[in-house]
Amino acid sequence: MSEQAQAASKTGEAPLIEARGLVREFGGLRAVDGVSIALEHGEMVGLIGPNGAGKTTLFNLLAGSLRPSSGRIRICGVDVSTAGPDSRLRLGVGRTFQIPRPFAAMTVLENVLTGRQNQTGERIAMNFLQPGRVAAEERRAVDKARALLDFVTLSRLENEPARVLSGGQRKLLELARILMADPQAILLDEPAAGVNPALLELIIDRLRMLNGDGKTILLIEHNMDMVGRLCGRVVAMASGRLLAEGAPAAVAANPDVVAAYLGEAA
Amino acid sequence: MIGALLSYGAFFMTTALIYAIVCLGLNVQWGQTGLFNVGVAGFVAIGAYVSALLTTPAAPGRFAGFDLPIAIGWLGGAVIAGLLSFLLGALTIRLRADYLAIATFGAAVVIHLCMLNLQSLTGGPFGIGFIPRPFASYAGEPLEFGFLNLALLAGVVLMLYLSLERLLRSPWGRVLRAIREDEAAALALGKNSIRFRLQAFAVGGAIMGLAGAAQAHFIGFIAPDNYQPTLTFQVWAMLIVGGSGNNRGAVLGAIVVWAVWAISGGAIAAIFPAGEQARAASLQIVLIGLALCAILLWRPRGILGEVKIVSRHLAGLSAQRAQPSFAVKDERLDGEKT
């Protein structure tokens with residue numbers, strides 16, 4: 001995290017993530033059409049909406065994988081509207097992908113180790129000039145990565161290449177990998193999609209633990225039961241716009257939200 | 001007779017080790033980072049010409065000829081080739097795999113045309129001769145001369161291999177592999193992929209330049225025709241046969257493919273009548289192509305392939321594995337999607 005961001009987070013004034021008037025166009029389609037959203041420190045917020053509502057595009061804008069056509073994004077008060085995903089992670093915002101993207105040929109442990117930030121050994125010359133420091137950092141990183149693999153119950157697989165993992169295990173690996181970077185906020189894109197009930201309970205439990213430890217979480221999820229159990233606040237989107245915002249039960253009962261979900265079928 | 005065989009053996013191995021250096025360079029770019037460089041010959045050529053210009057005596061009608069020590073020439077060849085790779089990379093490294101391939105191929109053609117046409121610098125089609133050879137004072141005794149050169153090259157390859165192994169197994173190497181596997185995911189984990197790709201491209205280019213310099217001084221004469229796409233093809237075949245992503249594989253592949261090349265060359269000379277030999281020489285390329293197909297079909301990861309756990313810091317640590325604090329109840333928590 002930069003000093004600027006640290007100073008801002010200490011004052012506690014600026015939201016962790018704040019987006020204003022975000023627009024993203026793909027050709028003639030406005031996938032995100034004037035969305036303003038703020039995420040306070042320590043919140044767990046659910047983002048719901050029918051398919052094609054623009055949730056993942058909004059995520060990509062917040063994470064820096066896409067540039068907004070217009071609008072501004074701030075992390076702890078720092079304008080990051082045009083910054084890439086790597087600089088946003090430095091400011092404390094990390095993300096996972098809807099379809100997990102493991103480094104297939106690398107082992108599970110190496111996948112997690114890659115998430116570590118500011119490694120001396122990532123600079124060519126330091127591997128020759130200060131090998132002791134590189135090795136010491138690496139030992140600490142391995143300890144932390146193993147703790148995270150325990151946390152997501154993948155320890156037994158640490159020396160297997162990530163390509164052997166099942167769909168649900170890949171989601172857990174993505175979670176461990178981004179936690180390795182120590183982000184303040186995590187954007188999770190459908191962490192429970194296509195996951196069996198036993199694993200779903202594990203994911204819910206782990207997200208609750210992370211939020212309890214102070215991590216801010218923004219969650220895209222279709223499973224309203226899961227959103228209701230986890231999130232204090234829910235934001236509903238449809239056709240690129242915000243429809244409703246509030247407590248899960250209230251949003252789920254909101255006539256506009258119901259119409260948006262049913263509207264697809266009607 | 002034995003003396004002649006031994007000195008041919010030394011010559012053979014020295015040449016193979018020079019290819020091994022190029023192959024190690026390509027392994028950094030392709031094997032580790034997934035950068036599709038099909039302009040290998042161009043970077044080798046730059047190293048060769050720069051070193052030749054630095055070390056040859058001044059000649060009338062030709063710019064340069066600085067008469068510097070051979071070591072300076074090798075170093076200069078590597079540095080300039082690395083620098084040019086960096087500049088070319090700065091322009092092209094954002095291109096995706098196949099587009100980067102087209103750009104590097106174009107660069108190699110441009111370099112070849114420059115060698116042919118910048119006569120006052122490169123000597124044009126006739127190239128540069130009388131490049132000083134290491135251990136030239138032993139030139140009268142072929143056996144000593146051959147083995148001294150072999151020892152020198154073996155030393156260079158060993159140093160390079162050890163340095164590259166350290167890098168391959170370091171956090172730097174890990175980031176390169178992550179970028180090769182999935183660049184978007186690496187970016188989302190805070191890795192500035194452009195910076196790392198550029199570094200890998202420049203390091204690989206410098207190593208190819210070093211190989212070019214070594215070869216120029218070993219043969220003593222260079223000309224543009226040494227640096228045709230055939231060279232690029234040979235080096236690619238070596239890396240794929242030996243095992244992309246594995247430095248030992250790169251060295252082994254260079255020796256194996258060079259052996260196929262040299263033996264088939266000898267066989268063609270023995271079998272075909274003198275008039276047909278120029279055409280029959282194409283069979284060597286056919287043979288390498290066949291060997292490549294066979295490897296890709298039966299052993300797609302090459303003879304040695306990438307090792308499973310690459311980081312050097314992990315090797316000793318796996319034994320001290322602590323018990324997991326979160327017990328895993330089920331063998332497979334998630335059996336639906338595999």
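In which hand, left or right, does α1(B) pass α11(B)? The crossing is right-handed, meaning the near helix is turned clockwise from the far one by less than a right angle.

Some housekeeping: this is a predicted model, where local features need pLDDT of at least 70, side-chain atom pairs count only at pLDDT 80 or more, and totals for chains, interfaces and linings use all residues. Residues are numbered from 1 along each chain as its sequence is written, with chains lettered from A and ligands numbered from 1 in the order in which they are written.

Back to the helices (DSSP runs of H or I, at least four residues, numbered from the N terminus). The axes of α1 (residues 2-32) and α11 (residues 247-271) of chain B come within 8 Å and cross at roughly 135°; axes are lines fitted to C-alpha atoms over the stretch in contact, and angles run from 0 to 180 degrees between N-to-C directions. The pair is therefore oblique, that is, outside the ranges under 35, 65 to 115 and over 145 degrees. Among the residues in contact (C-beta atoms, placed from the backbone, within 7 Å) are F12(B) and Y19(B) of α1(B) and W258(B) of α11(B).

Chain B also gives 41 residues to a contact with 50 residues of chain A. Seven of those from chain B, the largest share, come from α7(B). Here is how both sets divide (nonpolar: Ala, Val, Leu, Ile, Met, Phe, Trp, Tyr, Cys and Pro; charged: Asp, Glu, Lys and Arg; polar: the others, Gly among them):

| Set | Nonpolar | Polar | Charged |
|---|---|---|---|
| α1(B) with α11(B) | twelve residues | four residues | no residues |
| Side of chain B that touches chain A | 18 residues | ten residues | 13 residues |

The predictor gives the complex an ipTM of 0.89 and a pTM of 0.89.

Terms used:
Helix = DSSP H or I, 4+ residues; strand = E, 2+ residues; numbered from the N terminus. Contact = placed C-beta atoms within 7 Å.
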